[in-house]
Amino acid sequence: METHEQPRWSLPLRLEPEVLAVGYSFVGIERVETYRPAPMWQLTLFEGPTSLDLRQGRQRWRLAIRPQDILIIPPNSVRVYTTERRLEHYYLEFRYRLEYPESAVIELPAVFPSGPSAAIMHRDFAACMDLRETDRYESDLLARLLLWRLVRIARTADAGQQDRAHIIEAVQKRIRENTADASLTPDALAEAVGYSRRRLDQLCVELLGKPVSACIRDRRAQLAEDLLRQSALPIHLIGAQVGIPDRHAFNKFMRRNRGKSPTAIRAGE
């Protein structure tokens, strides 16, 4: 069963792992590459974007990985990477004993951004690699610290995601409550929520699939269509209700966004 929902893994991060390997490798020699299951966890830090089909038993997830994303791969998983070019990445392979107390378990998402910690993660990966041959004990200690640092990074990423969701909720609420206001524009909306127009567009595209202007436009067009079909309000008043009081401009707006004039929509043509 395939799902686009972000999976989460339970790792006993309070316990000392057995570090099996640490290194620097790449995917993308071929556009699609498949890796067979292995009986260990893997932590990966990617340098570029890729798409991953992750399969574990009957479960299947499709994950989008962006530059500097951290990816956690559970044991016995099939990985299928789809890339347009060769991508380098750090990796850390580790495992825990089969039985461990529930109190040691911490839940983490499968993929999350390293954010401001990216430089530290790069440094620690490189140090683990350098020490692997000369001081195995110190290398393993650093690997354990690297794994523990994931908790803080993931919590920061979750908080950032919640902040973005709250901003989007505020944007949608303002659009609903101010549809009739002709001064409701993308720039005004961005200023009201404390974002730049460019950043707000990026956020809306990421979470809603369209920029701010399309969010306002679609709300006005849908409300206007509903009022035309379900109410007896004069057409010019409906235009005013959706922030377009000029009859000619409203007629042009509905033709462009619904393919019909307001009169034709009301007549059910």
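I count two residues as in contact when heavy atoms lie within 4.5 Å. The model I am reading is predicted.

**Entry 1: Glu 225**

I started at Glu 225, which sits in helix 5 (residues 212-230). Leaving out residues up to four places away in sequence, I found that Glu 225 touches Met 254, Arg 258 and Ile 265. I then asked whether Glu 225 is buried or exposed. Its relative accessible area is 15%, so I noted Glu 225 as buried, the cut-off being under 20%.

**Entry 2: helix 5 against helix 7**

Met 254 and Arg 258 led me to helix 7, where both meet residues of helix 5. Helix 7 covers residues 247-258. I looked up two values for the pair, because packed helices are described by the angle and the distance between their axes. The axes of helix 5 and helix 7 come within 10 Å and cross at roughly 105°. I therefore entered the two helices as roughly perpendicular to each other.

Next I listed who takes part. From helix 5 I have Arg 217, Arg 220, Ala 221, Gln 222, Ala 224, Glu 225 and Leu 228. On the helix 7 side they meet Phe 250, Phe 253, Met 254, Asn 257 and Arg 258. Sorted by class, this contact holds six nonpolar, two polar and four charged residues.

**Entry 3: salt bridges**

I searched the whole structure for salt bridges and got 18. I wrote up three pairs.

Glu 18 and Arg 95 meet through their side chains, with N to O at 2.9 Å. Glu 18 belongs to strand 3 (residues 18-27) and Arg 95 to strand 10 (residues 87-95), so this pair ties together parts 77 residues apart in sequence. Glu 18 is partly exposed at 42% relative accessible area, and Arg 95 is partly exposed at 34%.

I checked Lys 210 with Asp 218 next; their closest N and O atoms are 2.9 Å apart. Asp 218 has 27% relative accessibility and counts as partly exposed. Lys 210 is also listed as partly exposed, with a relative accessible area of 27%.

Which residues are joined into one network by salt bridges that share partners? I found Asp 53, Arg 60 and Arg 62. Within this network I looked up the bridge from Asp 53 to Arg 62, where the closest N and O atoms are 2.8 Å apart. Asp 53 is buried, with a relative accessible area of 9%. Arg 62 is partly exposed, at 36%.

Terms used
Residues numbered from 1 in each chain as written. Predicted model: local features only at pLDDT ≥ 70, side-chain atom pairs only at ≥ 80, totals over all residues. Heavy atoms only, no water. Helix = DSSP H or I, 4+ residues; strand = E, 2+ residues; numbered from the N terminus. Buried < 20%, exposed > 50% of the residue type's maximum accessible area, 1.4 Å probe, protein only. Axes fitted to C-alpha atoms, helices over the stretch in contact; angles between N-to-C directions. Parallel < 35°, antiparallel > 145°, perpendicular 65-115°, else oblique. Nonpolar A, V, L, I, M, F, W, Y, C, P; charged D, E, K, R; others polar. Salt bridge = Lys/Arg side-chain N within 4 Å of Asp/Glu carboxyl O.
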